[in-house]
Amino acid sequence: AAMSANNILPKLDIPFDAAVSEDLLSYTPEGPELILSGVYDALKPGGRFVGEIGADGNMETFRMACYDFLREQGVDATPYDPYFFPTSSEFGAMLEAAGFEVVDVTELNHKALFPCRADREDMALLDYMHTGMGSSFLKALPDLAARRRMVNEVAHMCFQSLFHQGKWTYQSIRLQYTAVKK
């Protein structure tokens, strides 16, 4: 199949009635504009686009600990941050710029668990830093010893606020949205 939206989404001959996105747009640090454009192109007029994206402040304690550690090492964390977490007004404006009519953008805020294997809840933050999206921050450091130091220091910085009853949690701030192709 041919590709559209800068080869991110397949170009389809048959338009869709609806599209759903669960968190994909949170992990496009270059911004979701190309994906939004591709979704818009894939929908029929009146087609609905619904989904959820991380919002401004999502995972803030963890992210700021990574930024703080890297700053102390003389490294700017920004290019290594894998997340895109807009405010509701920023994301609404992006949907509109892609051609959508925004029906609703609602912010949800709750505690969530870092993803991990069932038998490793106490190690979830460490696992996340080694194999999850947190591993992007480790790429800022030149060697294994520095990366180990970062994992230990970030866990130490986050422990008071994120480790509860043997499990690593984070503040999950999400935007749920509904938009319609004009």
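**Figure 1. Salt bridges across the whole structure.** A search of the whole structure, which is a predicted model, finds six salt bridges. Side chains of opposite charge can pair when their charged atoms come close. The protein has 16 positive and 25 negative charges, and the mean positions of the two sets are 4 Å apart. Views of individual salt bridges follow in the next legends.

**Figure 2. The salt bridge between D17 and K44.** The side chains of D17 and K44 meet here, with 3.0 Å from N to O. D17 belongs to strand β3 (residues 16-22) and K44 to strand β4 (residues 43-54), so the pair ties together parts that lie 27 residues apart in sequence. D17 counts as exposed because its relative accessibility is 53%. K44, at 34% relative accessibility, counts as partly exposed.

**Figure 3. The salt bridge between E52 and R174.** In this view the side chains of E52 and R174 form a salt bridge of 2.9 Å, N to O. E52 lies in strand β4 and R174 in strand β7 (residues 167-181), so this salt bridge ties together parts that are 122 residues apart in sequence. Both E52 and R174 are buried. The pair also belongs to a network of salt bridges, in which D23, E52 and R174 are linked.

**Figure 4. The salt bridge between E60 and R63 within helix α2.** The side chains of E60 and R63 meet in a salt bridge, at 3.8 Å from N to O. Both residues lie in helix α2, three residues apart, which is about one turn of the helix. An α-helix has 3.6 residues a turn, so residues three or four places apart point the same way. E60 counts as partly exposed because its relative accessibility is 33%. R63 has a relative accessible area of 11%, under the 20% cut-off, and is therefore buried.

**Figure 5. Helix α2 and the helices it packs against.** Helix α2 covers residues 60-72, and its 13 residues should span 18 Å at 1.5 Å a residue. The C-alpha atoms at its ends are 18 Å apart, so the expected span and the model agree. The buried residues of α2 are F62, R63, A65, C66, Y67, F69 and L70. These buried residues pack against α4 (124-131), α5 (135-138) and α6 (144-162). After α2 comes G74, which has a positive phi near 80°.

**Figure 6. The secondary structure elements in order.** The protein contains six helices and seven strands. Along the sequence they follow the pattern β-β-β-α-β-α-α-β-α-α-α-β-β. Strands β3 and β4 in this series carry D17 and K44, respectively. Strand β4 also holds E52, whose partner R174 lies in strand β7.

**Figure 7. The whole chain: extent, burial and surface.** Along its principal axes, the C-alpha trace spans about 55 × 35 × 30 Å. Of the 182 residues in the protein, 43% are buried. About 9800 Å² of the protein is exposed, and carbon and sulfur atoms supply 52% of that area. Among contacts between residues at least 6 apart in sequence, 81% join residues at least 24 apart.

How values were computed:
Residues numbered from 1 in each chain as written. Predicted model: local features only at pLDDT ≥ 70, side-chain atom pairs only at ≥ 80, totals over all residues. Heavy atoms only, no water. Helix = DSSP H or I, 4+ residues; strand = E, 2+ residues; numbered from the N terminus. Buried < 20%, exposed > 50% of the residue type's maximum accessible area, 1.4 Å probe, protein only. Contact = heavy atoms within 4.5 Å. Areas by Shrake-Rupley, 256 points an atom, 1.4 Å probe, with all protein chains shown as cover. Lys, Arg positive; Asp, Glu negative; His and termini not counted. Charge placed at Lys NZ, Arg CZ, Asp CG, Glu CD. Expected span 1.5 Å × (residues − 1). Salt bridge = Lys/Arg side-chain N within 4 Å of Asp/Glu carboxyl O.
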